[in-house]
Amino acid sequence: MRSEATPQLGGLERFASAGKGRGLRARRRFAVGELLLSCPAYVAVLTVSERGSHCDGCFARKEGLSKCGRCKQAFYCNVECQKEDWPMHKLECASMCTFGQNWQPSETVRLTARILAKQKTHPERTQSEKLLAVKEFESHLDKLDNEKRELIQNDIAALHHFYSKHLDYPDNAALVVLFAQVNCNGFTIEDEELSHLGSAIFPDVALMNHSCCPNVIVTYKGTLAEVRAVREIEPGEEIFSSYIDLLYPTEDRNDRLRDCYFFSCDCRECTTKEKDKEKLEICKLNDPPSAETVKDMIKYARNVIEEFRRAKHYKYILCLTLTPLVELLEICELSLDKMGAVFDDSNVYMLHMMYQAMGVCLYVQDWEGALCYGQKIIRPYSKHYPSYSLNVASMWLKLGRLYMALKNRTAGVKALKRAIAIMEVAHGKDHPYISEIKKELEDH
């Protein structure tokens, strides 16, 4: 029998999930595309590279945003957005003026500073914590290795360096716990093409456990997280989202989960490994490569992927000059040539490098090159990813916009409509992104 103290929200309730700790489960049936949960950000920070194109307060994408009159580095839709964000922005405003171009704390540091400020000004439970409070977050402190502990100490040093006014610091031990909690429970907000917009804390959304066969998907409407069903969910069924990119084979996914979240997944996909063979497709040759050759190439591919993962976002990691981008594209092409001797084009490691190459082409406005890569990616993506995948939707969207830019309206309309079909389930039919895409179709 359910305890009266069990936290509930609509048709959902928090419960003790066997072997997983806390979890979220359905109290009624949910249909595909139905909204289960909306959660405003407890705190959020816009990534530096998107300042000027998105509002620092609500993350809306608009032209003609107004600058903060003091630091000149934060931008807002209007006075209301600026006033609402001021309790958070004031943590950074004076520091931005002092440090100028040398003001560069990481998003994790910025997010943690805002949590400290929020906990002081709002000690009571917020609208974002109906099911789970920030102070209840798991830190997995006992599982941190020396490298991760050193990274946290570096973040603590940056916090003290860049934030002095308007912030009360707890002791070092408490800060270590808080940074560990943020690392395990923070969310990355992305736009319709999965470009990075910022980072946020959504406590109630963080209650969901992971599965590589998720039954919900998390999307964002500004700084509001929305959770929708991607398959029918029955009463009593646990709600699972995915914490990671699901493109990769079982071993890679679980390496990622252990490194970032300190657990291995035991979902059906990880137990059966039924998609791994297709994801690791080998070239069909008269003289097939040996098992040792395949093993060595997988090891090579994983090393290359890790290098790109460290680099992450071109826009602010690279120097924004043509030379490093050209060099990056050359690395992608050389890797594809090397792996192509063993792997089929549908192999996920080939797809990863094609995706990186496509990103460079898009950045340097080589539309034909980007389209060529996208056309190779989309079909295997549709096979490897689950239904209603944001990765598949964003690829159809990119392809549609590329076709339109290259005056191929027929192919562009078809691709954009495919993107919309997925997004109407994942984002909801009333999402601004869908309205924007439909307007693109009308304008062309």
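**Exercise 1. Follow the salt bridge of E136.**

*Solution.* Let's start with E136 itself, which is partly exposed because its relative accessible area is 26%; buried means under 20%, exposed over 50% and partly exposed in between, with a 1.4 Å probe and protein chains only. Before going on, note that this is a predicted model, in which local features need pLDDT of at least 70, side-chain atom pairs count only at pLDDT 80 or more, and totals for chains, interfaces and linings use all residues. Residues are numbered from 1 along each chain as its sequence is written, and side-chain values use heavy atoms, with hydrogens and water left out.

Next, find the partner: E136 and R14 meet through their side chains in a salt bridge of 2.9 Å, N to O. The term stands for a side-chain nitrogen of Lys or Arg within 4 Å of a carboxyl oxygen of Asp or Glu. This pair links distant parts of the chain, 122 residues apart: R14 is in strand 2 (residues 12–17), and E136 is in the loop between helix 2 (107–121) and helix 3 (146–162). Helices (H or I, at least four residues) and strands (E, at least two) are DSSP runs, numbered from the N terminus. Finally, R14 counts as buried, because its relative accessibility is 16%.

**Exercise 2. Set two further salt bridges side by side and place their partners.**

*Solution.* Take E232 and R29 to begin with: their closest N and O atoms are 2.7 Å apart in a salt bridge. E232 sits in the loop between strand 12 (224–229) and strand 13, and R29 in the loop between strand 3 (21–26) and strand 4 (35–40), so the pair ties together parts 203 residues apart in sequence. Both partners are partly exposed, E232 at 42% relative accessibility and R29 at 37%.

Now turn to K439 and D443, whose salt bridge has its closest N and O atoms 3.1 Å apart. Here both residues lie in helix 16 (residues 432–443), four residues apart, about one turn of the helix. K439 is partly exposed at 46%, whereas D443 counts as exposed at 56%. Salt bridges with shared partners also join R61, D191, E192, E193, R401, E436 and E440 into one network. By the same rule, the count comes to 31 salt bridges.

**Exercise 3. Which residues are in contact with P249 and with H352, leaving aside neighbours within four places in sequence?**

*Solution.* First locate P249, in the loop between strand 13 (240–241) and helix 6 (250–261). P249 is buried, with a relative accessible area of 3%. Its contacts, meaning heavy atoms within 4.5 Å, are D276, K279, L280, V348 and Y349, once neighbours within four places in sequence are set aside.

Then move to H352 in helix 12 (residues 348–363). H352 counts as buried at 8% relative accessibility. With neighbours within four places in sequence again left aside, H352 is in contact with Y248, I305 and F308.

**Exercise 4. Examine the backbone at F59 and L194.**

*Solution.* Begin with F59: phi is near 70°, a positive value in a residue other than glycine. F59 lies in the loop between strand 5 (43–46) and strand 6 (66–67), and counts as buried at 4% relative accessibility.

For L194, phi is near 65°, again a positive value in a residue other than glycine. L194 has its place in the loop between strand 8 (186–190) and strand 9 (196–201).
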